[in-house]
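These notebook entries record what I looked up in one structure. I took the topics one at a time.

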Amino acid sequence: MSDDGREQTGHERVPSRQRRRFPGISSRAYEHPADRSALVALRKLSGFDTVFKALSGLLPERSLRLLFLSDSVRVSERQFAHLHDMLLDACYILDLEKVPPMYVTQDPQPNAMCIGLDEPVIVVTTGLVELLDEEEMRAVVGHEVGHALSGHSVYRTILLFLTTLALKVAWIPLGNIAIMALVTALREWFRKSELSADRAGLLVGQDLRASMRGLMKMAGGNHLHEMNVDAFLEQAEEYEAGGDLRDSVLKILNVLPRSHPFATIRAAELKKWAESRDHQRLMDGHYPRRSEDKDASVSDSFRESAASYASDVKTSKDPLMKLVTDLAGGAGDIGGRVRRGFDGFRSPAPPKDGPQDGPRGGSERDGERDGE
């Protein structure tokens, strides 16, 4: 109850320090173009909500809710009060009317998630709570509230279900292939949704350095005095530009099983967005409203998504992306460039004047084995 006797709903609480609020903000304001286009299309589908409500009976959502209720700690004014305040702040800033329940679960692995079909539930691990300071944690809570506002919890729940199902039917060749194809597509979508939620976390915390510190700690642990934000971002640039075509293929294989982008990539993407004109306009109060979501154009969203991917390919320093750009531009000697890109897979050709002994006096065949 407030001093004047009126019941408080939680939204009377204001952030502990002055931060801008975004009344009526649509999740389209911060969503990555690839994430936004898919969400706009799904929201336009007739009967979409009905289908997923029916599907909720097949998914273990009730079981998960009971599990968290029985074996985790629910965040409230009496339990993890500082997290409860952050949750109220995040919902206040992003104008999320219904505050989702939040749980802390015992797990040394730093992690957080937002799941649920009917209603989103936020879960953070003890490892994450112990790792991050207040402002870093505020960005994480904002990240999860961003997931809730976008409706990502629905797809996260389905992804968890399909991943579990794929393990159960692994012995059925065609069934497993079909499910894993869906899982792979959902993971690609969800990786983009993580970039969206990082932006929501920045809107809530409004402290880019804190967001960066949180991502650094997720990568390197609680040794902040040993780390440097600029050096961390340089890693992302080196990762993108370094190596040859073999490394490009390995990057793809490394990221396919992941639901989240790599930490250095997330930091670089967030910094890029924070410095963009779109972010500045949003902070100035110019952003799409939820009341306008029904009028959002699917075709426009897909065009923005396609333009975003095309821009990423064009500006990428990755060898494979450069090759794709050259192919699109009709550059010559593509075959030669591909061969040179994969040269490391082949052993060096012997000298034209015949085999020679190396430093060890070995044969040509020995030299071939050394290069394998």
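Which residues is Val124 in contact with, leaving aside its neighbours within four places in sequence? I worked from a predicted model. For Val124 I found contacts with Leu83, Met102, Tyr103, Val104, Thr105, Asn111, Ala112, Val129 and Met137 once those neighbours were set aside.

**Entry: nonpolar cores**

I next looked up the largest nonpolar core, which has 40 residues. Val124 and Met137 are the members that touch the most others in it. I noted that helix α4, residues 81-93, supplies the largest share of this core, seven residues. Apart from this core I found another, of seven residues, and its members include Met212, Leu215, Met216 and Leu233.

**Entry: helix α9**

I then turned to helix α9, which runs over residues 208-220. Its 13 residues reach 18 Å from the first C-alpha to the last, close to the 18 Å expected at 1.5 Å a residue. I listed the buried residues of α9 as Ala210, Ser211, Met212, Gly214, Leu215, Met216 and Lys217. At the start of the helix, I found a side-chain oxygen of Asp207 within 3.3 Å of the backbone nitrogen of Arg209. Just after the helix, I recorded a positive phi of about 80° for Gly221.

**Entry: aromatic pairs**

How many aromatic pairs does the count come to? I recorded three, and I describe two of them here.

One of them is formed by Phe22 and Tyr287, whose rings are 5.9 Å apart centre to centre, with 80° between the planes, an edge-to-face arrangement. I noted that this pair links distant parts of the chain, 265 residues apart. Phe22 belongs to the segment before α1 (33-44), and Tyr287 to the loop between α13 (277-283) and α14 (298-315). Phe22 has a relative accessible area of 0%, so I entered Phe22 as buried. Tyr287 is also entered as buried, because its relative accessibility is 9%.

Tyr239 and Phe262 form another edge-to-face pair, 5.9 Å centre to centre and with 65° between the planes. This pair, too, links distant parts of the chain, here 23 residues apart. I placed Tyr239 in helix α10 (residues 229-241) and Phe262 in the loop between α11 (245-255) and α12 (263-274). Are these two rings buried or partly exposed? Tyr239 is partly exposed, with a relative accessible area of 31%. Phe262 is partly exposed at 22%; the cut-off for buried is under 20%.

**Entry: charges over rings**

I looked up where charged ends sit over rings. The charged end of Arg289 sits over the ring of Tyr287, 3.8 Å from the ring centre. Likewise, the charged end of Arg21 sits over the ring of Tyr92, at 4.4 Å from the centre.

**Entry: Arg19**

I found Arg19 in the segment before α1. Its relative accessible area is 6%, so I entered Arg19 as buried. What does Arg19 contact, leaving aside its neighbours within four places in sequence? I listed Asp89, Ile93, Glu135, Arg138, Val204, Gly205 and Gln206. With Val204 I noted a polar approach: the backbone oxygen of Val204 lies 3.1 Å from a polar atom of the Arg19 side chain.

**Entry: helix α12**

Last, I looked up α12, which has twelve residues. From its first C-alpha to its last it reaches 16 Å, close to the 16 Å expected at 1.5 Å a residue. I listed its buried residues as Thr264, Arg266, Ala267, Leu270, Trp273 and Ala274.

Note on methods
Residues numbered from 1 in each chain as written. Predicted model: local features only at pLDDT ≥ 70, side-chain atom pairs only at ≥ 80, totals over all residues. Heavy atoms only, no water. Core = buried A, V, L, I, M, F, W, Y, C linked by side-chain atoms within 4.5 Å. Buried < 20%, exposed > 50% of the residue type's maximum accessible area, 1.4 Å probe, protein only. Helix = DSSP H or I, 4+ residues; strand = E, 2+ residues; numbered from the N terminus. Contact = heavy atoms within 4.5 Å. Expected span 1.5 Å × (residues − 1). Polar contact = N/O pair within 3.5 Å; in protein donor to acceptor, adjacent residues only side chain to side chain. Phe/Tyr/Trp six-rings, centres within 6.5 Å; stacked < 30°, edge-to-face > 60°. Lys NZ or Arg CZ within 6 Å of the ring centre and 35° of its normal.
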